[in-house]
Amino acid sequence: MLLFGFWGKSRTKNNADFLVAGRRLGPFLYTGTMAAVVLGGASTVGGVGLGYKFGISGMWLVVAIGAGVLLLSLAFAGTIQKLKIYTVSQMLSLRYGHRATQTSSIVMLAYTLMLCATSTSAYATIFVVLFGWEKWLAIALGGVIVLVYSTIGGMWSITLADMAQFVIKTIGVFALMLPFTLGAAGGWEGIRARVDASFFQLDGIGVQTIVTYFVVYTLGLLIGQDIWQRVFTAKSPRVARWGGATAGIYCILYGVAGAVIGMAASVALPAIDVAKEGKDVVYAEVASNLLPIGIGGLVLAAAVAAMMSTASGALIAAATVARADVVPFVASWFGRGKQRVDSENPEHDVKANRLWVLGLGIVAILLAIVVPDVVAALTIAYDILVGGLLVAILGGLIWKRGTGIAAAASMAVGTLVTLTLLTLYATGVIPSADGIYANEPIYWGLGCSLLVYLIVSLLSKRTPSSVREAWQQRLAGATAKERKVSEPQLSESA
């Protein structure tokens, strides 16, 4: 991983190289790095664990993530790549020309930081099992590795790490774990003879749970800075669209394979106590007990690398949002004008980005250590992201009549409704067995946000023609010198 960092450093000459790999990834590299979204802890370790506990329906978590990658790629990736921007908030500013939409950057920063902290905690758990370390030590040591290679090489080093773990995990899951676990379980018929019939039901995990996966993960992937930043690395809109679609299909197949591995493991390794040890240990048990010595270690190491890759992707996304959006937005409260991320000195600019990655990486490590339940914190961030920001972001991409004041109002209302209901469910004021993990806050937040967006857009003045024309010029691929209309100061490599 550290070698990847030094390789990335050799490729990093300016801001675009560090943040979006120079926007130069071709089909193979881009497909691999997009597929890496699904190879992290929740999808690899969690997917196998869900298969062990629920059977084939354990696939729905990863399928929902794959569906998000597929939908984003086919519907929006081409448009996103044409904009030549760095952040989701910049897209909102460019589309609406309204300063209030910059508040989205604060929510996005919280989301990416918690995603990084959750991934850090996930791979630290494997270190605890393997080496018997204290969890804080495992988090600290693993976090330092991620921090070093992310800070040195930026998105280029992350891309290389993605490709390495994409190849290793593809071989490890499809060519090794799947046939070995099926063989140990006596094949498909052996599994069928020894498990409950519900293991073969597509809705065995529960319809409500399946809906939750699609609402939270599919919709969240459509607008998350971490996934958008990978879209920005594509060499062209065509690569972004079809390379991403290929990755989405791969992710869906990966989810099915993980669930089948879990099913077979429930027969071959029936003594695993998932109630006590947690379902995430199933992957490690399969690698340790069912695969040949050496190969099992390689597959397990690849899983850790996948989690580290997820953490590093979220980290660079957090640093990008913080520097490009949050700091200028907060500075404007005190009368300071917005500054561009790009400076006249490329080396100075890359150094500044490295400092932001370093600083926020330390914050993420500390969060993973001191916050007792980072999953709950990530759930809150996801709920606000979807309930508060989804409508304004997708509305700007698909509806020309949407206005800046409507986007700002929908974000405010959606976030307020989601947060209020989250508090009521978490404190038990509204009784629910799910508590903070209830779906209702997202549903109500989304519904209210959509209603406000539609009504305010129709009642307010249309977006100024200069803003609309600047948006269209971006989509047409015009360079900075070719654009005839002024636009918000956005960082760009064009």
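Here is a friendly conversation between a student and a tutor about a predicted model of a protein chain.

Student: What numbers of helices and strands does the protein chain have?

Tutor: Let's start with the elements you can see in this predicted model. Strands are simple to count here, since the number is zero. What the protein chain does have is helices, and their number is 20.

Student: Why is the chain said to be as compact as a globular protein of that length?

Tutor: Good thing to ask! The globule rule gives 23 Å for 494 residues. The chain counts as compact as such a globular protein because its own radius of gyration is close to that value, at 22 Å.

Student: About what does the C-alpha trace span along its principal axes, and which percentage of the residues count as buried?

Tutor: Along the principal axes, the C-alpha trace spans about 70 × 55 × 40 Å. Buried means under 20% relative accessible area. Of the 494 residues, the share that counts as buried is 58%.

Student: What share of the contacts comes from residues 24 or more positions apart?

Tutor: Here we look at contacts in the protein chain with a separation of 6 or more. Among these, the residues 24 or more positions apart account for 83%.

Student: How many positive and negative side chains are there, and how far apart do the centres of the two sets lie?

Tutor: The chain carries 35 positive side chains and 24 negative ones. Each set has a centre, and the two centres lie apart by 12 Å.

Student: Which residues touch the most other members of the largest nonpolar core, and which helix gives the largest share?

Tutor: The largest nonpolar core has 148 residues, and Met91 and Trp228 touch the most other members. The largest share of this core is 16 residues. They come from the helix covering residues 295-332, which is α15.

Student: Which residues is methionine 91 in contact with, leaving aside neighbours within four places in sequence?

Tutor: Methionine 91 is one of the two residues that touch the most other members of the core. Its contacts include Leu83 and Ile85, and also Ile393, Gly396 and Leu397. Two tryptophans complete the set for methionine 91: Trp228 and Trp471.

Student: Is leucine 92 buried or exposed, and how far is it from leucine 397 in space?

Tutor: Leucine 92 lies in helix α6, residues 88-96. It counts as buried because its relative accessibility is 0%. Although leucine 92 and leucine 397 are 305 residues apart in sequence, their C-alpha atoms are apart in space by 9.3 Å.

Student: Where is isoleucine 80, and how far is it from methionine 91 in space?

Tutor: Isoleucine 80 has its place in helix α5, and with a relative accessible area of 0% it is buried. Leaving aside neighbours within four places in sequence, isoleucine 80 is in contact with Leu72, Trp228, Val231 and Phe232. Isoleucine 80 and methionine 91 are 11 residues apart in sequence, and C-alpha to C-alpha they are apart by 8.2 Å.

Student: Why does threonine 379 count as buried, and which residues is it in contact with?

Tutor: Threonine 379 lies in helix α17, residues 374-398. Buried means under 20% relative accessible area, so threonine 379, at 16%, is buried. Leaving aside neighbours within four places in sequence, threonine 379 is in contact with Ile436 and Tyr437.

Student: What is the phi of alanine 21, and what is the phi of lysine 84?

Tutor: Neither residue sits inside a helix: alanine 21 is in the loop between α2 and α3, and lysine 84 is in the loop between α5 and α6. Alanine 21 is buried at 0%, whereas lysine 84 is partly exposed at 22%. Neither is a glycine, yet each has a positive phi, for alanine 21 about 50 degrees and for lysine 84 about 55 degrees.

Student: Where is leucine 219, and what distance separates it from lysine 84?

Tutor: Leucine 219 is found in helix α10, residues 207-223, and is partly exposed with a relative accessible area of 22%. Along the chain, leucine 219 and lysine 84 are 135 residues apart, and their C-alpha atoms are separated by 23 Å.

Student: Is asparagine 289 buried or partly exposed?

Tutor: Asparagine 289 is found in helix α14, residues 281-289. Buried means under 20% and exposed over 50%. Its relative accessibility is 47%, so asparagine 289 counts as partly exposed.

How values were computed:
Residues numbered from 1 in each chain as written. Predicted model: local features only at pLDDT ≥ 70, side-chain atom pairs only at ≥ 80, totals over all residues. Heavy atoms only, no water. Helix = DSSP H or I, 4+ residues; strand = E, 2+ residues; numbered from the N terminus. Rg over C-alpha atoms; globule rule 2.2 N^0.38 Å. Buried < 20%, exposed > 50% of the residue type's maximum accessible area, 1.4 Å probe, protein only. Contact = heavy atoms within 4.5 Å. Lys, Arg positive; Asp, Glu negative; His and termini not counted. Charge placed at Lys NZ, Arg CZ, Asp CG, Glu CD. Core = buried A, V, L, I, M, F, W, Y, C linked by side-chain atoms within 4.5 Å.
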